[in-house]
Amino acid sequence: GVRKVVIATSIAETSLTIDGIRIVVDSGVSRVSRFSPRTGMSRLTTVRVSRSSADQRSGRAGRTAPGVSYRLWALEEDSHLLDRARPEILEADLASLALDLAAVGVVDPAELRWLDVPPGAALAQARELLRQLGALDSDHRITTHGQVMSSLGLHPRLSHMLLAARELGLGATACAIAALLEERDVLRRDAPLRDVDLRSRVAILADGAREAGPDVDRDAVRRVREQAQAWREQLRIPVAERIDDSVTGLLLAFAYPERVAQRRAGEGNRYLMRNGTGAVLDDPGVLAGAPYLVIVDLDGRSPQSRIYLAAPLDRADLDDSFAPDVERDVVVAWDSAAGTVIAVRRERLGAIVLREGPLREVDEDALASVLIAAIARGDGLALPWSHSAKRLQERVAFLRSLDAAWPDFSEPALLATMDNWLRPHLAGRRRRFDVERLDLNDILLGMLTWEQRRRLDELAPTHVVVPTGSRIAVDYGDPSAPSLAVRLQEMFGLADTPRVAGGLVPVTLHLLSPAHRPVQVTQDLAGFWRSSYFDVRKDLRGRYPKHEWPEDPMSATPTRRAKGRGNSVDRRER
């Protein structure tokens, strides 16, 4: 007469029979482990249940008598369910598989016939991990160390840690850590003192008195002790060797070399792992401010993964254990904030910078390459365009539109060819100020042939002299239509439109009022005098009565002044 309620995970999808089950309530979701080659970690993810799994779950009801299954999703959603769950090999950590393949001499997985081929990215990440652990050589072939690791039957991370620790006389502690990592947490989920420091768990195993605490799961501790003892016997660890929680970080570094992490500068407990991934301690506890950690468990989210389990690592241990992996290089890079090229010698462990010092002597070609790259990507540095350089660029673009023999001075073309023309002028320069001081006008002129420089002013003059004697700048901003903005009165008496390109191209005249407002745009000055001028004259006479508006502009004297203000011809250049 008592109702039995069974709360089950996906284990209930197996051929499990529990007497008396008449009803199944299916949530329609599953928690599956998904491995990310990008982070090198597996994480539990909630996904929709597959149709085959849902059918298996329904089958738990009515195995011994009629039953019913309640599915907690809409009927129309049922058609969108996958027929079956993705095969585990497509989602799992492949480190053990990669080691097994190497152990039997398989270098290329394509040599085997697979139901589902292992994903290339996951297999490559697994092999890189095994290489870091010393299990594989650069050709993906198993090493002697890898053969011993394979014989232990553990995850390669734990096998390597146990073997390395035994050599250091720390085998007992390594066995305890390995057993802890394979078991559920020995601290209860609701423990108020639960923290992310793995040392607290190792200390429980080292000190029998702590095992009696209210926050400790005694059954879990018993299972961990039994497993640790089995490995101690397998590895022949001396009975007298004791567990030492102070070396937890060092031993974890053997198992998780790519998750050695360095604290970032600034506020907060943010870390950068050796593999380039960011991580953060939300509730650091005793780990607050630790300069180096080895991270065992985190959620794998971007850009900052939350750390669930870790241990501190001494810098001395880091230097001793990873000395062969430290890379020494010279970094010459552009610092956009400081506006200068920085040059330093660095010692790196993957993405972690261990040591850094200034480099006094820097190759000039390397400096130039950094500046060119910064200009190309627009990283706080640009070509030093002056007004004169911009006008030269426009003049050459105009001539190139008529004759392809002229060089391409467009900005995309110049940026693409900086190695050829700009590099020689960057010798000895490393600051933004140094680049901005370059005379780009002279540099571009130097890229023209002697004949092109001679003909430049002839074919694309910077100015045109108008009837008043004023030199008016020609605007080549539109290569198809060079233009001249000039006051209408200064053009009196001129019959023909000024031309450039040896007389081939008429200049587009923007005729202005005395107040420099446009009143007409034309390439036919003679036609303007014959027709449109008279309509413009009527309007301008009313608005500017103090100025001359002759009936015959062809015979009138050009002027820049109003009536009665002296000589009408002004030869001042503008």
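Glutamate 347 in strand β11 stands opposite arginine 355 in strand β12, and in this predicted model both residues also belong to a network of salt bridges that links Arg315, Asp319, Arg328, Glu347 and Arg355. The strands that carry this facing pair, β11 and β12 (residues 352-358), run antiparallel and are joined over six bridges. They form a hairpin with two residues between them, and glycine 350 in the turn adopts a positive phi of about 60°.

On the N-terminal side, strand β10 (residues 327-335) pairs with β11 (residues 340-349), again in the antiparallel sense, over nine bridges. Here glutamate 327 stands opposite arginine 348 of β11. The hairpin made by β10 and β11 has four residues between the strands, and its turn contains glycine 339, whose positive phi is about 70°. Strand β11 thus pairs with β10 and with β12. In a regular strand, side chains alternate between the two faces of the sheet.

Salt bridges occur well beyond these hairpins, and the structure holds 32 of them. Side chains of opposite charge can pair when their charged atoms come close. Three individual pairs are set out below.

| Pair | N to O separation | Location |
|---|---|---|
| Arginine 201 and aspartate 185 | 2.9 Å | helix α7 and the loop between α6 and α7 |
| Arginine 222 and glutamate 226 | 3.5 Å | helix α8 |
| Arginine 454 and glutamate 451 | 2.6 Å | helix α17 |

The salt bridge between arginine 201 and aspartate 185 connects distant parts of the chain, with arginine 201 in helix α7 (residues 199-206) and aspartate 185 in the loop that follows α6 (171-182), 16 residues apart. Which of these two partners is buried? Arginine 201 counts as buried because its relative accessibility is 3%, which is under the 20% limit, whereas aspartate 185, at 26%, counts as partly exposed.

The other two pairs each lie within a helix. Arginine 222 and glutamate 226 are four residues apart in helix α8 (residues 218-235), so about one helical turn separates them. Arginine 222 is partly exposed at 40% relative accessibility, and glutamate 226 is likewise partly exposed, at 48%. In helix α17 (residues 450-459), arginine 454 and glutamate 451 are three residues apart and therefore separated by about one helical turn. Arginine 454 has a relative accessible area of 42% and is partly exposed, as is glutamate 451, with a value of 35%.

Key
Residues numbered from 1 in each chain as written. Predicted model: local features only at pLDDT ≥ 70, side-chain atom pairs only at ≥ 80, totals over all residues. Heavy atoms only, no water. Salt bridge = Lys/Arg side-chain N within 4 Å of Asp/Glu carboxyl O. Buried < 20%, exposed > 50% of the residue type's maximum accessible area, 1.4 Å probe, protein only. Pairing = 2+ DSSP bridges.
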